[in-house]
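Please examine the sequence and the three-dimensional structure shown here before reading the questions.

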Amino acid sequence: MLPEIILFVAFLFTVWSYVTKKAQRTPPLPPGPRKYPIIGNLLKVPSDNHWVVYDRLAKECNSDIIHLSVFGNSVIVLNSFAAATEVLDRQSSISSSRPLGTMIGEIMGWKYIFSLQPYGQRWRDSRRMFWQEFHPEHGRAHHRPIQLRCSRDLIRRLYESPIDFQNHVRHAIGAGIISVLYGLDIQEEDPNITMVDDALKHINVGLIGTCMVDLFPFLRHIPRWVPGAGFRAIGENAARDLNLLIDVPYSQTRKLLAEGRGESSFIHRTLSRGPIPDGGMEERILKEAATTTYIGANETSKLPMTLLFAMMAQNPDVQTKAQQELDQYLDHRRLPEFGDEIHLPYTYAVLLELLRLEPTAPLGLPRSLVSDGEYKSYHLPSGSIVFYNIWAILHDETTFPEPEKFSPSRFLKDGVIDTQLKDRVMATFGFGRRVCPGRYFALDNLWLNLASILSVYTMSKAVDESGQQIEIDLEYTADLNRHVLPFRCSITPRSEKAENLIHGCRL
Ligand code: HEM
């Protein structure tokens, strides 16, 4: 009996010394609000404006990194540029993966969308395929003519029915990316545009942390008829809508190409690069990469584009200043083109300020840590979900005084764009290995549309039947990527010369 007792005591001693040594070795977690047993900080997880709440919590903790836990899941929020660059750039070998919940990944089928995929070979293959198409030189040669065409079409549509400006923005962005990806011509209320809205309307349901099945993945096996299993029907509908988006535009392109009618497109160019057998894995990756890109492009640029109309109506002095710069350079003889931005610093500053003021994805796309990390002597446990607070970075008073104010001139230093501040605004596209690969395309598109609109239209507050100005009170959706809810605004051609330029946009 004695040997067993000695062995047992030795075992306990080994375990105890391992645990205490580990506790001594492991630095503390980042600060955060008080955690309750089992639920952790569940009660502190906001339902809205998470970025503002996390920013406040970080300030209360006097730290640029905070830690929360929800049912034992570790959540880290990086609340400064320094924290985001240290963890996401310098420690990118451990922080480039994404958490993929059971609901969105498995049940809704979004594991095929490479922007949400964990770090790995499939993600790498998709991103490489994307980058061959969208790296700046290739992209500019193939995409700019399409972006120009869609931008001119937008100018024309704004003239014909200014009241529908939010729809026109949606159409211009959708039509541009569909043409680039699939070579398809987009009609009014085209199903290829409504299809992406259908697929996306489900995404909030599946966002990590919003579903019980993410916390308890075994729930995915419960039969559909069991009370509480409604998430399965929702998930299956979402998967059906996503599969339509993956298959339908791709099949249309293949059909056109087979008939010798397809225009040059991402699909066409990728297929021409090498044999991609029908039905094989490479074809599947191509289809999914196209869908990921379509979603990425469609969802993100609408906010800064729509915000332009509101900000110009609310800040007529900014609008006048940009228009004076445009008039001086273009002399009312033509609309802006790519390459003009270098001569139009104030107008470019308007674009930067729009991106800064209301970032489309205020907390980026979440990451997950594949091993333990460290920041400022805090322990960052493997498996943690990491949010980076883009909104807080772009509202940091030390870099952007009076951050709530719309003030493009903050970006100008001696009459030219301050490159350091411009680089800081690029945080809106994320960090490290998962940084948005569509940012060059996005900036080109936003620039051309913004400069063209400002050169021929004046935005002002709409007036109601009794002649009273209608104040613009912006409201946003609470989606992963935010959108501006409909608002009214008056859009009128600036002059006869402007009207002539608009008429020149008829295709
Ligand atoms: C104003 C416009 C845009 C903004 C603010 C934006 C923002 C972002 C952000 C914050 C991320 C996550 C980056 C990270 O985790 O560090 C992202 C990823 C991504 N974006 Fe964009 N984006 C924009 C436009 C576009 C466009 C036009 C495209 C396609 C042409 C695109 C395609 C993607 C893709 C494919 C990813 C996933 C990258 C990956 O996970 O490897 N985005 N974007």
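Questions and answers on this structure follow.

The structure is a predicted model, in which local features need pLDDT of at least 70 and side-chain atom pairs count only at pLDDT 80 or more, while totals for chains, interfaces and linings use all residues. Residues are numbered from 1 along each chain as its sequence is written.

Q: Which helix gives the largest share of the shell around the ligand?
A: The ligand is surrounded by 26 residues, where a residue counts as near if its C-beta atom, placed from the backbone, lies within 6 Å. Helices here are DSSP runs (H or I, at least four residues), strands are runs of E (at least two), and both are numbered from the N terminus. Two or more residues of the shell come from each of helix 6 (121–134), helix 14 (281–300) and helix 20 (439–456). The largest share, five residues, belongs to helix 14.

Q: How many residues of the shell around the ligand are charged?
A: Ala, Val, Leu, Ile, Met, Phe, Trp, Tyr, Cys and Pro count as nonpolar, Asp, Glu, Lys and Arg as charged, and the others, Gly among them, as polar. On this basis the shell holds 13 nonpolar and 11 polar residues. The number of charged residues is two.

Q: Why does C436 count as buried?
A: C436 lies in the loop between helix 19 (419–425) and helix 20, and an unreviewed UniProt entry places the feature "binding site" there; such annotations may be inferred rather than shown by experiment. A residue is buried if 20 or more other C-beta atoms, placed from the backbone, lie within 10 Å of its own, exposed if 12 or fewer, and partly exposed in between. C436 counts as buried because its number of C-beta neighbours inside 10 Å is 20.

Q: Which residues is G430 in contact with, leaving aside its neighbours within four places in sequence?
A: G430 is found in the loop between helix 19 and helix 20, and G430 is among the residues closest to the ligand. Two residues are in contact if their C-beta atoms, placed from the backbone, lie within 7 Å. With neighbours within four places in sequence left aside, the contacts of G430 are G364, V435 and C436.

Q: How many of the 13 residues of helix 17 are buried?
A: Helix 17 (residues 345–357) reaches 18 Å from its first C-alpha to its last, close to the 18 Å expected (1.5 Å times one less than its number of residues). The buried residues include Y348, E353 and R356. Helix 17 is mostly covered, and the number of buried residues is 11.

Q: Which residues of strand 9 are buried?
A: In a regular strand the side chains alternate between the two faces of the sheet. Along strand 9 (residues 457–460), T458 and S460 point to one face and are not buried. The residues that point to the other face and are buried are Y457 and M459.

Q: Which residue of strand 10 is the bridge partner of T458?
A: Two strands pair if DSSP finds at least two bridges between them. Strand 9 and strand 10 (residues 490–493) run antiparallel and are joined by four bridges. The bridge partner of T458 is T492.

Q: Which strands form the edges of the open sheet of four strands?
A: The order of this sheet is 1-2-6-3, with mixed pairing. Strand 1 pairs with strand 2 (residues 73–78) in the antiparallel sense over six bridges. Each edge strand pairs on one side only, and the edges are strand 1 (65–70) and strand 3 (367–368).
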